Amino acid sequence: DASGKVTRFDKEGVFACEPDGQDYHDAPDLILYLSVMLQTLPDLLNSQQEDAEFGLSASSFNAKLAVTSPGGSVYPLHIDNPQGLSAGDTRRLTCILYMNPDYQDGVDGGELRIFCGSGGSSSTTTSNSDNGNSADEAKKKKDDVVDITPDGGRMVLFWSDEIPHEVLPTAPTADKLDEMRDRYALTVWIPTDYYHTIHNPDSKFANLGDEAFTK
């Protein structure tokens with residue numbers, strides 16, 4: 001936290017490591033892919049900006065390979081970079097690559113749920129004159145989030161300092177020891193050199209965290 005205290009949040013059924021160049025002989029393909037991502041993504045995304053300021057940098061990075069076990073293991077709702085500059089954290093973009101080539105939708109679970117906020121549902125929520133409030137509430141809740149299946153080869157990008165997200169139960173009906181149902185996700189965090197963009201109060205996503213964690 002801001003005081004410098006480090007607290008561990010162990011997640012049952014979630015195992016992770018932080019690959020770096022020293023792991024090359026153990027996982028050469030993984031390290032090579034990380035290198036290619038870091039050499040191409042920041043410049044590619046920066047070149048696509050028009051009015052936006054990204055300032056994504058390849059000068060440093062953090063990476064994590066996470067394996068989520070079957071039997072209903074989850075990853076609780078969180079924001080990757082909640083403290084930002086107050087903790088010296090300049091991570092701006094989260095990039096998740098899923099490595100589950102045999103993923104079965106509707107069976108394997110483990111969807112990434114991204115919280116979009118009630119603002120995104122205001123134009124789609126309808127009212128019923130027959131007191132169908134439960135249906136309206138269910139639709140609103142669904143419209144507040146986006147669920148993304150972790151299909152092999154899929155990459156998801158979102159702002160590290162603003163977007164609340166969680167992982168839904170992984171293969172909830174499968175045996176916990178069934179390694180064929182393990183969920184693999186490689187996450188790379190890319191920092192920014194434009195520090196003013198971190199937790200920018202003028203961002204349209206600035207209040208998502210407050211909204212997500214007070215529901």
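**Salt bridges, cation–ring pairs and backbone features**

Asp108 and Arg181 form a salt bridge, with their closest N and O atoms 2.8 Å apart. This contact joins distant parts of the chain: Asp108 sits in the loop between E4 and strand E5 (112–115), Arg181 sits in the loop between E8 and E9, and 73 residues separate them. Before I continue, please note that the model is a predicted one.

The two partners fall into separate accessibility classes. Asp108 has a relative accessibility of 8% and therefore counts as buried, the limit being under 20%. Arg181, at 22%, counts as partly exposed.

Thr170 brings us to the surroundings of this pair. Thr170 belongs to strand E8 and is buried, because its relative accessibility is 0%. Which residues does Thr170 touch, leaving aside those up to four places away in sequence? Its contacts include both members of the salt bridge, Asp108 and Arg181, together with Gly109, Gly110 and Arg183. The list also holds the run Thr68, Ser69, Pro70, Gly71, Gly72 and Ser73.

The next residue in my account is Ala171. Its place is the loop between strand E8 (165–170) and strand E9 (183–191). Ala171 has a positive phi of about 40°, although it is not a glycine. As a reminder, most residues other than glycine have a negative phi. Ala171 is buried, since its relative accessible area is 1%.

His199 also has a positive phi, near 55°, and is likewise not a glycine. This residue lies in the loop between E9 and helix H3 (208–213). Is His199 buried or partly exposed? With a relative accessible area of 30%, His199 is partly exposed.

I return now to the salt bridges, of which the structure holds six. In one of them, the side chains of Asp161 and Arg92 meet at 2.7 Å, N to O. This pair, too, links distant parts of the chain: Asp161 is in the loop between E7 and E8, Arg92 is in strand E4 (residues 91–98), and the two are 69 residues apart. Asp161 counts as buried because its relative accessibility is 4%. Arg92 is buried as well, with a relative accessible area of 7%. The arrangement extends to a further residue, as Arg92, Asp161 and Glu162 are linked in a network of salt bridges.

Arg92 has another partner, this time an aromatic one. Arg92 lies over the face of Trp159, at 3.9 Å from the ring centre. Arg91 lies over the face of Trp189, where the distance to the ring centre is 4.9 Å. As for contacts between aromatic rings, a search of the whole structure finds one aromatic pair.

Another salt bridge joins Asp151 to Arg154, with 3.1 Å between the closest N and O atoms. What is the accessibility class of Asp151? Asp151 is partly exposed, at 25% relative accessibility, and Arg154 is also partly exposed, with a relative accessible area of 35%.

I close with the surface. Tyr33, Met155 and Leu157 form a nonpolar patch there, with about 240 Å² of accessible area together. One member of the patch, Leu157, lies in strand E7 (residues 155–159). Leu157 has 37% relative accessibility and so counts as partly exposed.

How values were computed:
Residues are numbered from 1 along each chain as its sequence is written. This is a predicted model: local features need pLDDT of at least 70, side-chain atom pairs count only at pLDDT 80 or more; totals for chains, interfaces and linings use all residues. Side-chain values use heavy atoms; hydrogens and water are left out. Patches are made of residues with over 30% relative accessible area and no salt bridge: like charges are joined within 9 Å, nonpolar side chains (Val, Leu, Ile, Met, Phe, Trp, Tyr) within 5 Å. Accessible areas come from the Shrake-Rupley method with a 1.4 Å probe; for residues, only the protein chains shown count as cover. A salt bridge is a side-chain nitrogen of Lys or Arg within 4 Å of a carboxyl oxygen of Asp or Glu. Helices (H or I, at least four residues) and strands (E, at least two) are DSSP runs, numbered from the N terminus. Buried means under 20% relative accessible area, exposed over 50%, partly exposed in between (1.4 Å probe, protein chains only). Rings of Phe, Tyr and Trp (its six-membered ring) pair if their centres lie within 6.5 Å; planes under 30 degrees apart count as stacked, over 60 as edge-to-face and the rest as tilted. A charge sits over a ring if NZ of Lys or CZ of Arg is within 6 Å of the ring centre and within 35 degrees of the ring normal. Contact means heavy atoms within 4.5 Å.
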